[in-house]
Amino acid sequence: MSEITLRNVIKRYGAVEVVHGIDLDVEEGEFVVLLGPSGCGKTTTLRMVAGLEDVSDGNLSIGETRVNEVAPKDRGVAMVFQNYALYPHMTVRQNMEFALKPLGLSAKEVARRVDEIANMLGLSELMARRPAQLSGGQRQRVAMGRAMVRTPDVFLFDEPLSNLDAKLRTQVRLEIAKLHNRLGTTVLYVTHDQVEAMTLADKIVIMRDGHIEQVGTPEQVYSQPDNMFVATFIGSPPMNMIPAQVRERELQANGLALKVPPRFEGRLAEGQSVTIGIRPNGLSLAGAEMPNAAPARVEVTEYLGNEALLDLRVGPHELIAEVPALGRPAPGTEISVQFDPDAIHLFDTETGASLSR
Amino acid sequence: MNKPSTQQAILVYTLLGIALIVFMTPIYLIASSSVKPSPIMFQKPPAMIFEPTLDHYRDLFAMRPFGKFIGNSLMVALGSTAFSVFFGSIAAYAISRIKHKRMNDVAFWILSMRMFPPIAVVVPYYIIFKTVGLLDTPIALIIVYSTANIPLTVWLMKGFFDEVPTALEEAAAVDGHGLISIFWKVTLPLAAPGLAVSAVFCFIFSWNEFLFALMLTGSNAQTAPVAVMSFWSSDAVQWGRIMAGSFVILIPGVVFVLTCQRWLVRGLTMGSVK
């Protein structure tokens with residue numbers, strides 16, 4: 001069994017606590033992505049699972065076994081490092097064999113396994129080269145191959161794509177997704193790139209400042225963010241945020257008044273401070289007479305091909321709207337922007353928590 | 001880099017030529033005197049053309065067991081080098097990797113071992129080795145030389161270990177290797193240039209050392225430099241044999257350094273991590 005369980009896991013460096021008692025379940029065969037800005041503790045968490053950092057407090061289990069005190073070599077994990085960490089004095093073949101040496105297999109079996117993985121990753125031509133003679137993408141594949149030959153219970157990836165150029169990144173991302181489909185191994189993957197997270201993950205864990213902000217499927221974290229941090233962190237361009245107050249069944253902000261969407265009725269107190277969140281694609285151009293519309297001025301338009309992004313000024317608020325590129329208004333135009341009531345999120349301004357549930 | 005101009009080239013080669021003359025003249029004198037017949041050895045101006053003779057070399061090995069002294073020297077130098085490089089590397093690795101606020105003090109303490117003037121400890125060493133019965137044995141010299149060589153190795157190797165990325169060791173740990181295997185198969189090979197540098201320094205120091213060898217050895221464990229000195233007696237200085245002995249002493253050092261030279265290449269770590 002190869003599920004990973006974290007219970008109240010804490011990491012301290014001296015007096016400084018960087019991971020504050022997190023709970024996390026990674027099911028067997030699941031692809032879980034730890035996502036967050038730099039310094040959020042995601043890499044530290046991954047390194048604790050790998051055994052490269054001590055767990056200061058709490059319980060960390062792989063399968064049924066508590067592994068807090070188990071050496072990395074005995075955890076049945078394989079890791080792909082951000083900088084690949086290939087052994088420079090060994091050839092590609094030796095790099096891959098090195099990971100098999102501790103298993104005490106026969107030379108024939110070692111060669112068979114290495115060749116099989118090398119074929120799968122298209123490394124067969126490169127086996128006699130040293131890391132210095134490889135391109136970035138090739139090194140990345142060797143690093144993955146070295147992790148794969150061990151047929152580990154758990155794969156750990158520490159920002160494996162961050163050193164690749166954009167095109168290669170897309171390509172390797174697809175490769176990783178295919179490999180996971182094929183091997184079905186449990187994966188814990190760290191990244192700060194939400195596109196990687198959204199495309200690869202079965203489950204995304206969003207972290208900030210050593211806390212888990214939300215755990216959910218890509219759809220869940222995108223469409224049902226638990227709080228303002230998740231709402232603004234996921235999605236590009238980010239969700240528009242407008243501070244408002246509840247008055248007479250309306251959300252009133254400076255220069256803007258929206259009807260409280262029916263699903264929030266009964267949950268809001270008169271006079272409550274809330275923050276309206278709406279994604280750029282929840283805003284559309286409309287006639288001035290339409291309900292939930294507000295006058296806006298187009299400051300800048302950004303043409304993206306199929307769509308265009310409009311930087312709008314609504315009263316004192318700066319909003320971004322995503323509209324069809326065809327027939328987009330010119331900068332400087334006064335328009336009317338409509339808020340889709342189904343796309344409106346509400347957050348408690350003080351705590352940042354979502355009011356949707 | 002720009003191609004140096006002719007003037008620069010002339011300057012560089014002139015300086016190199018001067019350096020070469022300064023460093024090679026004594027070696028030339030040793031080599032030529034060692035094959036010069038005794039009567040013309042101190043002719044002025046020096047005889048440039050003469051019939052070379054191997055008499056001095058013959059005397060050198062016939063009169064005294066000079067081969068044995070060379071053997072002693074080799075045993076002591078190689079023994080101390082091996083001992084120092086082995087233990088020095090292990091200590092350096094610990095100092096490089098263990099994060100502790102007093103680690104720098106430990107490193108400095110080790111370095112301070114090299115700061116005492118050798119003459120100050122000759123007598124204590126003599127008494128100690130006499131007491132434990134190691135006087136006039138190669139082991140005594142190996143121990144004494146290692147006390148000087150280990151600190152040097154520790155400091156050299158610490159620098160090299162610091163440059164080996166810890167990510168490589170972490171990768172090896174996750175790949176299923178234990179501490180010893182990681183050190184032996186990943187870290188040490190990447191610090192090989194450091195091993196070569198350390199070995200060269202240790203060997204040269206031990207090979208050339210004179211003071212301790214003179215005081216702590218007798219006829220049994222005498223090393224070659226001391227043996228050469230013994231041709232300088234109160235009634236006669238046998239220059240021919242001294243020169244022949246000196247030339248023989250030069251050879252192993254040169255061979256050892258040339259052997260290690262191919263490891264003195266840096267840049268082995270390139271391409272491992274971005």
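This is a dialogue between a student and a tutor about reading a predicted model with chains A and B.

Student: Which conventions should I know before I begin?

Tutor: Residues are numbered from 1 along each chain as its sequence is written, while chains are lettered from A and ligands numbered from 1 in the order in which they are written. Since the model is predicted, local features need pLDDT of at least 70 and side-chain atom pairs count only at pLDDT 80 or more, whereas totals for chains, interfaces and linings use all residues.

Student: What span should helix H3 of chain A have, and what is the distance between its end C-alpha atoms?

Tutor: Helices (H or I, at least four residues) and strands (E, at least two) are DSSP runs numbered from the N terminus, and the expected span of a helix is 1.5 Å times one less than its number of residues. For the 15 residues of H3(A), residues 107-121, that gives 21 Å, and the end C-alpha atoms are indeed 21 Å apart, in agreement with the expectation. After H3(A) comes Gly122(A), with a positive phi near 70°.

Student: Which residues of H3(A) are buried?

Tutor: A residue is called buried if 20 or more other C-beta atoms lie within 10 Å of its own, exposed if 12 or fewer, and partly exposed in between, with C-beta atoms placed from the backbone. An α-helix has 3.6 residues a turn, so residues three or four places apart point the same way. In H3(A) the buried residues are Arg113(A), Val114(A), Ile117(A) and Ala118(A). They cover an arc of only 130° around the axis, which puts them on the same side of H3(A); the arc is that of the directions from the helix axis to the C-beta atoms. On the face turned away from this buried side are the exposed residues Lys108(A), Glu109(A), Arg112(A), Glu116(A) and Asn119(A).

Student: What covers the buried residues of H3(A)?

Tutor: Two residues are in contact if their C-beta atoms, placed from the backbone, lie within 7 Å. The cover of the buried residues of H3(A) includes helix H2 (92-98) and helix H4 (136-148) of chain A.

Student: How is chain A divided into domains?

Tutor: Domain bounds come from an automatic or database domain assignment, and for chain A this gives domain 1 (4-233) and domain 2 (240-348). The C-alpha centres of these two domains of chain A lie 40 Å apart, and five residues of domain 1 are in contact with five residues of domain 2.

Student: Where in chain A is there a cis peptide bond, and which residues other than glycine have a positive phi?

Tutor: Most residues other than glycine have a negative phi, and most peptide bonds are trans. In chain A, a cis peptide bond with omega of about -5° joins Ser236(A) and Pro237(A), and Pro237(A) lies in the loop between helix H8 (228-233) and strand S11 (240-247) of chain A. Glu248(A) has a positive phi near 50°; its place is in the loop between S11 and strand S12 (250-253) of chain A, and Glu248(A) is exposed, with 8 other C-beta atoms within 10 Å. Asn292(A) has a positive phi of about 55°, is found in the loop between strand S15 (283-285) and strand S16 (293-303) of chain A, and counts as partly exposed, with 17 C-beta neighbours inside 10 Å.

Student: What is the secondary structure of chain B, and how spread out is the chain?

Tutor: Chain B has twelve helices and zero strands. Its radius of gyration is 23 Å, well over the 19 Å that the globule rule gives for 274 residues, so chain B is more spread out than a compact globule; the radius is taken over C-alpha atoms, and the rule is 2.2 Å times the number of residues to the power 0.38. Of the 274 residues of chain B, 32% count as buried.

Student: How many residues does each chain give to the contact between them, and which helix of chain B gives the most?

Tutor: The contact takes 20 residues from chain B and 25 residues from chain A. On the side of chain B, the elements that give two or more residues are helix H7 (166-174) and helix H8 (179-190) of chain B, and H7(B) gives the most, with six residues. By class, this side of chain B has eleven nonpolar, six polar and three charged residues, where Ala, Val, Leu, Ile, Met, Phe, Trp, Tyr, Cys and Pro count as nonpolar, Asp, Glu, Lys and Arg as charged, and the others, Gly among them, as polar.
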